[in-house]
Amino acid sequence: MPAPSTDRPQIFPDELPLLALRSTIVFPHGRIAVQVGTAENLALLRSLEGNQGLVLVAVALGPNADDLERLVERIGVVARVRDRTDAGAGTLQVTLEGVARAHIGALTRRVPFAMAAVRVAEETAATPGAADAAIERIIRAAETIAEVDEKFPAELAGLITRHANHPSRAADLAAAHANLRVSERDEFLQCLDPAERLDRLALKYEKEVARAQVVDEVQRKTTVNVAQHHREFFLRQQLQAIRAELGERDGTESEADELLRQIADAGLPAHVAQEARRETERLRSLPAASSEYQVLRNYLDWVLALPWTRASGSAEIPLDKVEQALDERHYGLEEAKERILEYLSVRQLLGAGGRDHGPVLCLVGPPGTGKTSLGEAIAASIGRAFYRISVGGVRDEAEVRGHRRTYVGSMPGLIVQAMRRAQSKNPVLMIDEIDKMAAGGPGGDPLAAMLEVLDPSQNGTFVDHYLNVPFDLSSVLFICTANSLLDIPAPLRDRMEVIRIAGYTVEEKVEIAWRYLLPRLFKEHGITDRDLQFTDESLSTVSTRYSREAGLRNFERNLAALMRRRARRKAQGEEGAWIVDGARIDAVLGAPRYPADEAEVEPEIGTVTGLAWTAAGGELMTIEALRMPGTGKLHVTGQLGDVMRESVDAACSYVRSMAKQLRIEDAEMKRTDLHIHFPAGSVPKDGPSAGVAVTLAIASVMSRRPVRRDIAVTGEVTLRGRILEIGGVKEKVLASYRAGLREVILPSANAKDLRDLPAVVREQMRITFAASMDDVLARMLLAPLSVTPDADLPAIDAQLPENQAPRPSSSDDAWPA
């Protein structure tokens, strides 16, 4: 047990008035002046006789400071009241002189002020010499703080040295002058171990030393910088006066003269040259060290760096070279090439009049179909500079139109930056991913700014916020790319000449690999065709079973994987040629990612193969229908949009209206629930083109007739059974072709879209056109498995190929007719 302090014990009355303070505390042997204004404290002080009364002082903190019961059993300070005076406004100012620590006992009275029992608090006696190190640390810290902080009492170190033999008094003295919060002061008051208090105070003082030194250093540097700036300003003024007397010019004058010479030699348009000269004159009057000087200097650098009059290539567009370049760098895409040549022909004819007008090219297609490389081929064939801008994710108008010079670090927008890098007033600028520009927000709408850029009637006077002068973009050949035309706003879409690139067939991918991909990849991997030998079959296998996509990126990536494996073995010393076959492909690329024939061809009840369009090309979409006992409810799942849900409702209504022809009893419809499901539930789906497939699935499951799965269907259905035109025909037909299907049913109104299909697809696929659902039902529904046809009802049965047999589904097994 620690020994009690050997200091002479204090004798106090058994109870004293309790003075609760909120914002400060007095330590033993210390003195503070405090103003009190609460009714209890005023009554207490006025009850004392003269200026010699004793009170028990405690700190009341927190939201329940008025609850004095919380102070019981805590440590307070017995203090003597000195110099009591009226401070006005209903307050008294008193000086409290701390005497000793004391335990606050039970409250013996509450009105008009609190009285509390008092018991002397005995402190732990410090071991001789145990506190000397902490006291020495506090003294050194106090001396250091006094040197850097004028407000700190310089005599504190001497006072603590004088009381070094009394650790408790030294600790209270240091705590009273430390930079502490009231709660921290109260913690030191509650601690009865002087050695512990001194150790904690030494840490506090050392931290205060570090803080005071940092503040002093900052203030000193600030003072030095201000003095240096004043000195530099004074010297510059003297230097200017001396140079004026000698007839010399300073550096700013010389730089302004050089800028004026560059402006005269640059051949700038008249309005731009006038603005540049005006800003140069402003620059002349500014000191070189000012921030505005740097802003003006950067602005003039941008003005002089832009290609106001420099052009690349010739004014005429050599159409024969363009056609040759497109054929050399791209296989297939005949329609896209033809449209590009027609567009450039119009540009050339209109450009002869002095200005280029006409809509902007927009290449729309899935990723990896060669949209960017088409733009590069156009630029190379006509000899113009080429630069690509990616605007995907652009959310602020200032990114397109630039920031005003009033902002710190402002710069021109993407268009002007591209013109500076292209160093030509008529480059080919490719604006990539324009369908992924974000809608307008707090910073303005970037799509609205892009309207001015791409509008031929407005971009001749395009004004960037940073330049604040018109810049002529009418000679620029803009080419935009997008994955989805629907994501481009209608006003922006109206300014574009849209060229669709649907994707490549397997045969086209094989031919592209032989012509372009393999020679380039062999060169990039340091091997030759003698080290790795492909065949048409191996390339077709890689395309169909490992990279079934509209574009070529995964296909090229898989070919590169094969070459990397061969390059590694060759670097290890293996000689000879690798023949790429199925076993070699499996060893390098792993198990096939797609089955040999994705499309299911065996007839099923309630399952139909539909077609869908996505930004990555067309896809097969299986639609499933299931019947179960119920009350005629319809359940639809698969994360569908509102339009597709309405198509399901319309299909269900149509099938109910055709119940007699389909041999479906009305009572059976009322006691049967239907569940329509679109697999891949995590993918959002919408659009009306699945109407034919949904109607067919419902008709199949309700009539218990299998549906042919070797035919894909698409089209929108009305309540009268008419089949309406849909979009994305080329992409959907190519998707069915890639999946191994060779027959597709399309709306009759889409017959015009057949010319967009590649010749090989038109030759190998059978396209059936249907004007109404009667045609589709007759073609797709097979004879029922276990129902005897009724002679009175018209039969709607399709003929199944001889090599296929209908397969009953689970729904047919569960509820036989």
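In strand β4, the residue that serves as bridge partner of L54 is R80, and this pairing is a convenient place to enter what is a predicted model. Strands β3 and β4, the latter spanning residues 75-88, pair in the antiparallel sense over four bridges. Further along the chain, an open sheet of five strands shows parallel pairing, and helices α14 and α15 are described below together with that sheet and with two nonpolar cores.

**Strand β3 and its partners**

- Strand β3 covers residues 54-59 and is mostly covered, since five of its six residues are buried.
- Strand β1, made of residues 15-21, runs parallel to β3 and is joined to β3 by four bridges.
- Within that parallel pairing, L21 has V59 of β3 as its bridge partner.
- Strands of a sheet pair through backbone hydrogen bonds, and the pairing may be either parallel or antiparallel.

**The five-stranded open sheet**

- The strands of this sheet follow the order β8-β9-β12-β7-β13, and their pairing is parallel.
- Strands β8 (386-390) and β13 (496-500) stand at the edges with a single partner strand each, so one side of each is left without a neighbour in the sheet.
- From one strand to the next, the twist averages 25°.
- Strand β7, residues 360-364, and strand β12, residues 477-482, run parallel and are joined by four bridges.
- In this pair of strands, C362 stands opposite C480 in β12.

**Helices against the sheet**

- Helix α14, residues 414-422, lies across β8 and β9 (428-432), and its course runs at about 155° to β8.
- Helix α15, residues 446-454, packs on the sheet and touches β7, β9, β12 and β13, while its direction makes about 140° with that of β12.

**Nonpolar cores**

- The largest nonpolar core has 52 residues, of which I434, M450, L454 and L467 touch the most other members.
- Helix α9, residues 291-305, gives the most to this core, contributing seven residues.
- Leaving aside residues up to four places away in sequence, L454 touches V360, I431, I434, N459, F478, C480, L492, R495 and M496.
- Another core, of 50 residues, lies apart from the largest one and includes I340, F522, L552 and W578 among its residues.

Definitions and conventions:
Residues are numbered from 1 along each chain as its sequence is written. This is a predicted model: local features need pLDDT of at least 70, side-chain atom pairs count only at pLDDT 80 or more; totals for chains, interfaces and linings use all residues. Side-chain values use heavy atoms; hydrogens and water are left out. Two strands pair if DSSP finds at least two bridges between them. Axes are lines fitted to C-alpha atoms, for helices over the stretch in contact, and angles run from 0 to 180 degrees between N-to-C directions. Contact means heavy atoms within 4.5 Å. A nonpolar core is a set of buried Ala, Val, Leu, Ile, Met, Phe, Trp, Tyr and Cys residues joined through side-chain atoms within 4.5 Å. Buried means under 20% relative accessible area, exposed over 50%, partly exposed in between (1.4 Å probe, protein chains only).
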